[in-house]
Amino acid sequence: MTFIYEHRDQFAVALLLRVLIVGASTYYAWVKQVEQQCDRDVVDWGLISNIHEIWAASGHTYGADRSTGSYAVAASAWAASG
């Protein structure tokens, strides 16, 4: 699917689908999934952002002793806002 998606500007999608024996509905369902973020992806990016901020604030250190408390505070704040 990725090959077709990456080359859709160079070749007709219908031709690529026929040559690679991929159903049009399968391809377009995949495209919709790729181009539309699901709720879980949005949540994951928010958590990654929070983790990065905590990591940067800790002087770029990591480990349970240094970060567990901060992660718990951030997680509870995030849960309360959602």
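**Five helices, one chain**

Me: Asp44 and Arg40 both lie in helix 4 (residues 39–57). How many residues apart are they?
Reply: This is a predicted model. In it, helix 4 holds both Asp44 and Arg40. Their spacing is about one turn of the helix. The count along the chain is four residues.

Me: How far apart are the closest N and O atoms of Asp44 and Arg40?
Reply: Side chains of opposite charge can pair when their charged atoms come close. A salt bridge needs a nitrogen and a carboxyl oxygen within 4 Å. Asp44 and Arg40 form such a bridge. Their closest N and O atoms are separated by 3.2 Å.

Me: How many salt bridges does the structure hold?
Reply: Asp44 with Arg40 makes a salt bridge. The total for the structure is one.

Me: Is Arg40 buried or exposed?
Reply: Exposed means over 50% relative accessible area. Arg40 has 52% relative accessibility. Its partner Asp44 has 27%, so Asp44 is partly exposed. Arg40, by contrast, counts as exposed.

Me: What pattern does the chain follow along the sequence?
Reply: Start with the secondary structure. The chain has five helices and zero strands. Read in order, the pattern is α-α-α-α-α.

Me: Which residues of helix 2 are buried?
Reply: Helix 2 covers residues 13–20. On one side, Ala14, Arg18 and Val19 are exposed. The buried residues sit on the other side of helix 2. They are Val13, Leu16 and Leu17.

Me: Why do the buried residues of helix 2 lie on the same side, and what arc do they cover?
Reply: The buried residues are Val13, Leu16 and Leu17. They share one side of helix 2 because the arc they cover around the axis is only 100°.

Me: Which helices do the buried residues of helix 2 pack against?
Reply: Take Leu17, one of these buried residues. Beyond its neighbours within four places in sequence, Leu17 is in contact with Ile4, Val22, Gly23, Ala24 and Tyr27. Ile4 falls in helix 1 (2–6), while Ala24 and Tyr27 fall in helix 3 (24–35). The packing partners of the buried residues of helix 2 are helix 1 and helix 3.

Me: Which helix gives the most to the largest nonpolar core?
Reply: Nonpolar side chains tend to be buried together in soluble globular proteins. The largest nonpolar core here has eight residues: Ile4, Tyr5, Val13, Leu16, Leu17, Val22, Tyr27 and Val31. Helix 1, helix 2 and helix 3 each supply at least two of them. The top contributor, with three residues, is helix 2.

Me: How much accessible area does the nonpolar patch on the surface have together?
Reply: The patch is formed by Phe3, Leu15, Val19 and Leu20. Helix 2 gives the most to this patch, with three residues. Leu20 lies in helix 2 and is partly exposed at 40% relative accessible area. Together, the patch residues have about 360 Å².

Me: Which residue following helix 2 has a positive phi?
Reply: Most residues other than glycine have a negative phi. One residue here is not a glycine, yet its phi is about 55°. It lies in the loop between helix 2 and helix 3, and it is exposed at 76% relative accessible area. That residue is Ile21.

Me: How far apart are the C-alpha atoms of Met1 and Leu20?
Reply: Met1 lies in the segment before helix 1. At 33% relative accessibility, Met1 is partly exposed. Leaving out residues up to four places away, Met1 touches Val22, Thr26, Tyr27 and Trp30. Met1 and Leu20 are 19 residues apart along the chain, and their C-alpha atoms are separated by 9.4 Å.

Me: What separates the C-alpha atoms of Tyr28 and Tyr5?
Reply: Tyr28 lies in helix 3. Its relative accessibility is 48%, so Tyr28 is partly exposed. Tyr28 and Tyr5 are 23 residues apart along the chain, and the C-alpha separation is 9.8 Å.

Me: Of the 82 residues in the chain, what share is buried?
Reply: Buried means under 20% relative accessible area. Leu17 is one residue that qualifies. Across the chain, the buried share is 15%.

Me: What share of the exposed area do carbon and sulfur atoms supply?
Reply: The chain exposes about 6,400 Å². Of that area, carbon and sulfur atoms supply 59%.

Technical notes. Residues numbered from 1 in each chain as written. Predicted model: local features only at pLDDT ≥ 70, side-chain atom pairs only at ≥ 80, totals over all residues. Heavy atoms only, no water. Helix = DSSP H or I, 4+ residues; strand = E, 2+ residues; numbered from the N terminus. Buried < 20%, exposed > 50% of the residue type's maximum accessible area, 1.4 Å probe, protein only. Arc of directions from axis to C-beta. Contact = heavy atoms within 4.5 Å. Core = buried A, V, L, I, M, F, W, Y, C linked by side-chain atoms within 4.5 Å. Areas by Shrake-Rupley, 256 points an atom, 1.4 Å probe, with all protein chains shown as cover. Patch = residues over 30% accessible without salt bridge, like charges linked within 9 Å, V, L, I, M, F, W, Y side chains within 5 Å. Salt bridge = Lys/Arg side-chain N within 4 Å of Asp/Glu carboxyl O.
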